[in-house]
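User: Could you take a close look at one helix of this model and what follows it in the chain? I would also enjoy hearing how that part sits within the wider picture.

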Amino acid sequence: MRHFATPEIKLVLIAFFALYFIFLIRRAQKDRLDLYDLVMLGSVATFPLIFVLFPAVSLKITEIIGVQLPFLWLFGTLHLISFVYLFSVASRIKKSENRLITLTQEMAMAETRLEKLLRQAAAKEISLTREIRAGLSEERVVPNFSSQHPPSANP
Amino acid sequence: MSERFAIIIPCYNEASGLESLIQNIQSLKLPADVVIVDDGSTDATARIAQNLPVHLLRLPENLGIGGAVQTGIKWAFRENYDFAIQLDGDGQHPPEMIAKLVSHYKQTHANVVVGSRFLESKGYQSTWARRIGISCIRFFIQKLTGLQVSDPTSGFRLMDKKALQTFSRFYPHDFPEPVSYAIINRFGLKVSETPTAMRDRTHGVSSIAGIKTALYMLRVIGHLFLISTIREESKIA
């Protein structure tokens with residue numbers, strides 16, 4: 001016995017599909033969702049819609065794969081999508097974790113290196129200041145020395 | 001030119017014992033630089049370390065012991081140290097034993113020299129539950145890597161330049177000491193142990209206790225198995 005969805009159910013599913021996709025696309029536009037994730041998450045709404053709008057397609061696939069109810073086929077597919085998505089998310093989380101660890105390590109080392117350089121620069125500045133001061137004091141000595149022996153050209 | 005040594009001390013909330021540990025190391029007058037890796041401590045560890053004659057690597061987030069030790073290893077390798085000695089910040093590893101690791105290296109030229117508390121039954125030997133766990137880990141290390149080690153969880157170890165180079169690229173973030181044997185085996189590094197007396201931790205609480213000991217053991221075996229079965233070096237994370 002074949003059951004087909006009523007127009008009301010079709011309308012509800014179309015509305016859900018539209019609202020859900022608007023929500024997903026907006027998130028993707030704000031760069032909060034990857035395009036790949038958009039397709040994967042979107043299929044949760046797409047599959048039931050295809051299932052309801054084109055029952056012949058569902059029935060044909062059901063016949064091919066030998067599952068008695070199209071309902072089982074639909075939920076089987078949704079489960080498969082969820083597992084593929086979960087796998088992809090888990091892989092990406094692990095990858096991000098490794099990147100985060102490397103980044104944190106690099107930050108710590110860069111900070112220490114920067115502090116070391118700053119200390120070296122400060123030490124250099126101090127020695128340079130000392131040299132300048134020493135140079136200035138020498139310059140102060142010269143006029144004193146010259147004042148004791150005024151140039152002969154000076155009347 | 002003389003060889004350069006770095007003593008890597010990973011610290012997480014070790015403020016209470018850090019100063020005395022560094023004073024202890026300083027009193028030994030070792031020709032080595034001390035590198036403290038503050039693993040995102042929430043106490044005064046970083047503030048205390050700043051006033052000590054050490055290189056301080058301050059991790060903005062807690063990475064765990066593996067991430068912290070690898071930071072020190074990376075630093076030592078990039079700063080061109082010839083050797084690095086890993087020492088726990090909780091006071092379990094007596095700094096007086098560093099000389100023993102170095103002299104053992106000079107005899108064996110092993111890439112990694114590990115201080116073992118079980119080669120001679122001296123000092124702190126850990127709890128019975130942990131010793132059972134350690135025995136299981138030891139068994140699996142031998143089965144999966146062929147390496148015979150008596151103290152696979154010891155974090156008191158000397159690493160030469162080759163080991164530093166390897167570990168700066170590949171170092172396990174979870175359960176680093178036992179799992180690192182799979183990496184040691186994978187990269188053909190030579191490992192040797194020397195008897196070392198250890199102390200019970202002077203402060204802080206171990207994160208592995210009770211049921212966690214069994215879980216720790218199972219996860220270590222899992223990681224060892226995974227790394228041992230990787231064929232390509234580049235695939236080791």
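Analyst: Happy to. Let's begin just past the end of the helix: H7(B) is followed by B:Gly188, which has a positive phi, near 65 degrees. Please keep in mind that this is a predicted model.

Now for the helix itself. Helix H7 of chain B covers residues 176-186, and 9 of its 11 residues are buried, so the rest of the structure largely encloses it. The buried stretch begins with B:Pro176, B:Glu177, B:Pro178 and B:Val179. It also takes in B:Ser180, B:Tyr181, B:Ala182, B:Ile183 and B:Ile184. The buried set of H7(B) therefore includes B:Glu177 along with residues such as B:Val179 and B:Ile183.

Further along chain B there is another enclosed spot that is worth a visit. B:Thr196 sits in the loop between strand S7 (191-195) and helix H8 (211-229) of chain B. Although it belongs to a loop, B:Thr196 has a relative accessible area of 3%, which means that it counts as buried, the cut-off being under 20%. Leaving aside residues up to four places away in sequence, B:Thr196 touches B:Met97, B:Gly115, B:Ser116, B:Arg117 and B:Phe156. Its side chain also has a polar atom 3.1 Å from the backbone oxygen of B:Thr194.

How far can you lean on these details? Chain B has an average pLDDT of 88, with 92% of the residues scoring at least 70. For the model as a whole, the scores are ipTM 0.82 and pTM 0.77.

Stepping back, chain B has a partner. Chain A contains 4 helices and 0 strands, running α-α-α-α from the N terminus on. Of the 155 residues in chain A, 20% are buried. Among the contacts in chain A between residues at least 6 apart in sequence, 56% join residues at least 24 apart.

The two chains meet through 14 residues from chain A and 16 residues from chain B. Together they bury about 1,500 Å², 54% of it on carbon and sulfur atoms. Between chain A and chain B there are 5 salt bridges, and one of them joins the side chains of B:Glu79 and A:Lys116 at 3.0 Å, N to O. The side of chain A that touches chain B is made up of 4 nonpolar, 5 polar and 5 charged residues. The two chains also share 8 residue pairs in polar contact, with both residues at pLDDT 80 or more.

Technical notes:
Residues numbered from 1 in each chain as written. Chains lettered and ligands numbered in written order. Heavy atoms only, no water. Contact = heavy atoms within 4.5 Å. Buried area = accessible area lost by both parts, 1.4 Å probe. Salt bridge = Lys/Arg side-chain N within 4 Å of Asp/Glu carboxyl O. Polar contact = N/O pair within 3.5 Å; in protein donor to acceptor, adjacent residues only side chain to side chain. Nonpolar A, V, L, I, M, F, W, Y, C, P; charged D, E, K, R; others polar. pLDDT = per-residue confidence, 0-100. Helix = DSSP H or I, 4+ residues; strand = E, 2+ residues; numbered from the N terminus. Buried < 20%, exposed > 50% of the residue type's maximum accessible area, 1.4 Å probe, protein only.
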